Amino acid sequence: MNHEAYIMQCFGLAQRAKGHTAPNPMVGAVLVHNDRVIGEGWHHYYGADHAEVNCLKCVADADKHLIPESTMYVNLEPCAHFGMTPPCAERLVHEKVKQVVISNKDPFERVDGKGISILKEAGIAVQTGVLEKEGLWVNRRFFCFHKQKRPYIILKWAQSADGFIAPPDRSRLQITGIEAKTLVHKWRTEEAAIMVGTTTALHDNPELTARLYDGKQPLRIVLDKDLKTPHTHHVYDNKAATWIINEQKETLQGNVHSVQLPFYEGLLPALMQRLYDAKMLSVIVEGGPSLLNSFITAGLWDEGRIFTGDSLIPGGIPAPVLNGGVPAFNTKVGGDQLQVCVNAASGYRYASGMEL
């Protein structure tokens with residue numbers, strides 16, 4: 001059987017739930033008998049049945065007797081612990097599947113090879129590492145969270161054709177078209193948090209919500225050392241949970257959490273630790289240039305997404321420059337150019353043909 005084709009099918013199923021499974025990974029499963037798919041499933045949302053269980057549930061009654069002679073394909077090692085659902089590895093043992101083919105081993109410490117051991121000890125044949133690079137890309141947020149002990153960090157900005165991010169007076173300017181803006185709102189539904197600095201919060205008064213695309217709202221994070229952002233600004237409304245990172249106080253009022261952290265050279269690592277403790281798997285940093293450059297200078301980023309419009313901003317504020325960025329791909333979004341880069345030091349490489 002073509003293992004790679006079925007694992008690719010698992011990737012496609014897994015990514016149907018993008019933005020809904022965190023802090024769990026995205027997982028798809030395909031059950032195959034003699035090169036015929038008799039079941040498929042995916043983890044729909046956090047707390048729901050896992051991919052393997054959904055796959056087994058959809059096997060037709062007429063095919064259930066074939067399960068012990070079938071191969072289960074799954075892009076991540078079946079879990080080995082009781083969480084919000086029972087262990088999938090034990091379910092596969094109970095169903096007596098013949099073979100399990102896996103893309104990636106699960107880095108979560110309560111799994112981390114234990115699911116594979118359960119299968120092998122029960123006499124089930126196990127093959128791992130099929131399209132491993134592609135699997136790492138699909139679940140790069142999950143792997144970063146458990147291996148680097150921090151969220152996966154995406155830096156995003158729009159720049160003019162002459163390389164500027166804003167006019168000299170920092171006035172708000174829409175550099176890209178509606179297609180790019182809609183895509184950005186889609187991205188917001190897929191990440192755990194979205195972050196801006198004080199200047200952006202003050203001058204742009206951003207909502208930091210997904211208004212042009214259906215999905216969950218990310219946690220809004222504003223770095224505001226001296227609490228300069230007026231309470232009349234959008235980030236203080238009730239549209240999404242919000243963290244205001246500051247040096248003055250630690251309070252919770254409604255959906256706004258004032259998070260007190262010292263603003264010194266260790267601010268970003270301290271903030272990443274708070275996000276890790278809150279089980280935030282990813283954060284998309286949308287500006288402004290000072291905040292973006294602070295992440296770049298610290299080498300604290302995994303992926304860059306840069307839109308380039310066709311307008312000019314003579315003498316504007318220069319856009320950041322990604323140091324150590326490896327080009328992943330370029331594409332047109334409406335009338336704008338989108339360039340995606342990955343950090344050479346991050347270990348997560350874009351695989352051709354895969355989704356963002």
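## Helix H6, the nonpolar cores and selected loop residues

In helix H6 of this predicted model, the buried residues are Arg140, Arg141, Phe142, Phe143, Cys144, Phe145 and His146. Because 7 of the 8 residues of H6 (residues 140-147) are buried, the helix is largely enclosed by the rest of the structure. Just after H6 comes lysine 149, whose phi is positive, at about 60 degrees.

**Nonpolar cores.** The largest nonpolar core comprises 73 residues, and the members that touch the most other members are Leu31, Met72, Tyr73, Val100 and Phe307. Helix H1 (residues 3-14) gives the most to this core, contributing 6 residues. A second core, separate from that one, has 34 residues, among them Ile153, Met272, Val283 and Leu322.

Which residues does tyrosine 73 contact once its neighbours within four places in sequence are left aside? They are Met1, His3, Tyr6, Ile7, Cys10, Gly28, Ala29, Val30, Val32 and Val101.

**Helices H3 and H4.** Helix H3 (residues 88-95) packs against helix H4 (residues 114-121) at an angle of about 15 degrees, and their axes are 9 Å apart. Since angles under 35 degrees count as roughly parallel, H3 and H4 are therefore roughly parallel to each other. The crossing in which H3 passes H4 is right-handed. On the H3 side the contact is made by Ala89, Glu90, Leu92 and Val93, while H4 supplies Gly115, Ile118 and Leu119. By class, the residues of this contact of H3 with H4 divide into 5 nonpolar, 1 polar and 1 charged.

**Two loop residues.** The table sets out the loop position and the relative accessibility of aspartate 63 and serine 171.

| Residue | Loop between | Relative accessible area | State |
|---|---|---|---|
| Aspartate 63 | helix H2 (51-57) and strand E3 (71-76) | 13% | buried |
| Serine 171 | strand E7 (164-166) and helix H7 (178-190) | 33% | partly exposed |

Aspartate 63 counts as buried because its relative accessible area of 13% falls under the 20% limit for that state. Not counting residues up to four places away in sequence, aspartate 63 touches Arg36 and Ile38. Serine 171, with 33% relative accessibility, is partly exposed. How far apart in space are serine 171 and threonine 200, C-alpha to C-alpha? The distance is 9.8 Å, although serine 171 and threonine 200 are 29 residues apart in sequence.

Key:
Residues numbered from 1 in each chain as written. Predicted model: local features only at pLDDT ≥ 70, side-chain atom pairs only at ≥ 80, totals over all residues. Heavy atoms only, no water. Core = buried A, V, L, I, M, F, W, Y, C linked by side-chain atoms within 4.5 Å. Buried < 20%, exposed > 50% of the residue type's maximum accessible area, 1.4 Å probe, protein only. Helix = DSSP H or I, 4+ residues; strand = E, 2+ residues; numbered from the N terminus. Contact = heavy atoms within 4.5 Å. Axes fitted to C-alpha atoms, helices over the stretch in contact; angles between N-to-C directions. Parallel < 35°, antiparallel > 145°, perpendicular 65-115°, else oblique. Left-handed = near helix turned anticlockwise from the far one by under 90°. Nonpolar A, V, L, I, M, F, W, Y, C, P; charged D, E, K, R; others polar.
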